Amino acid sequence: MKARPRPVLMIPLRRCGSHALRLRLGLNPQCYAPYPLHVVDLMPALPLYGDLDDDRAYFQLVVDVVGLQAASLVKWPDAAFDPVEVFDAIRDQPRSVHRVTWELLLRGAERRGARVALDKSLDSVHYAAEQLALFPDLRFVNVVRDPRAQVASMNAAVIHDFDTLLNTRTWVRAHEAGRALAAAHPERVLTVRYEDFLADDEHTLRAICAFLDIDFLPAMRDVSTSSEARQISRLSALWSSNTLPPVPANADKFRSTLRLPEIEVIETLAGGLMDHYGYPRMTAASAPAAALDVDAAAIRSERERLRSWEALERTNHRDHTLRTFRGDYLATVQSRLRRRTPAAVQATPG
């Protein structure tokens, strides 16, 4: 029986420069790297399916994951999945939402004749143990970025919170998970710093290709040839630079967007990880207690979230509409599951 493509998960947190790497890897025919499903957004609804050993519950989950792929902001090229075929192919294997997601990716890679299926659903780092149990040959590309630069980028993105404290806490949790995974499975995790990619993209791409057992192709450096890169750069301001070559000066861009007290908050919470990954501090890393008030930060973030979504609707109606459609799909899935019979809900674990 022919071996299936190798599964590879990029981790641990969005706005780390992962699209720049994914798009370049996707220029290599040996690597299938479509726009990620971010199946973690479906996880709040997962307990509502009940016992996945029940064929009815598991088939519904398969249908909903296939639907999530169809509701994605960026469609996978030439990819239409029949939920019946997917269910029949994996029904006798360990059951998991991650198994369903990987089946779609592996099928897409097989259609392309690729040796690697890459999932850029970075937040799935928090479910790494479950995925390793499903795929013992799973590998991880751990993309690290200076938390000051990454948090500055997260603050301006509708996919995250709108506050430095909250986003720093998210950064720390994600990178603690990534670091722990690398310590537990050093042979399965390659850690790369985004700043090193900015300084020498070829060296970083060669390292990743070697880790994935695929060939480095010089053409991977020219992302302007990627039709997807051109498409998404026009779709959302979050991806506007994805057709450009690496800009080393962007590594310090946070200095003009973050105030010094914000930088100290980041360094207070993330200082240990910054030291581990080689990012020198700019402050004493001793932010006052008032600056670490999570409740106040949540109020600020929610207020700014409403403003940002209103601004997005005014300035980029396509991006706003597509993100709203995906959000509505996830809400519809959860609402439908909640309307199930009381007996089904009582059978739900947890």
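**Exercise 1. State in which sense strands β1 and β3 pair, over how many bridges, and which residue of β3 is the bridge partner of Pro7.**

Solution. In this predicted model, strand β1 covers residues 6-11 and strand β3 covers residues 116-119, and the two pair in the parallel sense over four bridges. Looking for the partner of Pro7 in β3, one arrives at Ala117.

**Exercise 2. Place this pair within its sheet: what is the order of the strands, and which are the edge strands?**

Solution. The sheet is open and is formed by five strands with parallel pairing, in the order β2-β3-β1-β4-β5. The edge strands, each of which pairs on one side only, are β2 (31-32) and β5 (189-193). Turning to what lies across the strands, helix α1 (residues 18-25) is found across β1, β2, β3, β4 (139-144) and β5, and runs at about 155° to β1.

**Exercise 3. Describe how helices α3 and α4 are arranged: at what angle do their axes cross, with which handedness, and which residues make the contact?**

Solution. Two packed helices are described by the angle between their axes together with the distance between those axes. For α3 (residues 83-90) and α4 (residues 97-112), the axes come within 11 Å and cross at roughly 110°. Because angles of 65 to 115 degrees count as roughly perpendicular, α3 and α4 are therefore roughly perpendicular to each other. The crossing of these helices is right-handed. Glu85, Val86, Ala89 and Ile90 of α3 make the contact with Arg99, Val100, Glu103, Leu104 and Arg107 of α4. Sorted by class, this contact comprises five nonpolar and four charged residues, with no polar ones.

How values were computed. Residues numbered from 1 in each chain as written. Predicted model: local features only at pLDDT ≥ 70, side-chain atom pairs only at ≥ 80, totals over all residues. Heavy atoms only, no water. Axes fitted to C-alpha atoms, helices over the stretch in contact; angles between N-to-C directions. Parallel < 35°, antiparallel > 145°, perpendicular 65-115°, else oblique. Left-handed = near helix turned anticlockwise from the far one by under 90°. Contact = heavy atoms within 4.5 Å. Nonpolar A, V, L, I, M, F, W, Y, C, P; charged D, E, K, R; others polar. Pairing = 2+ DSSP bridges.
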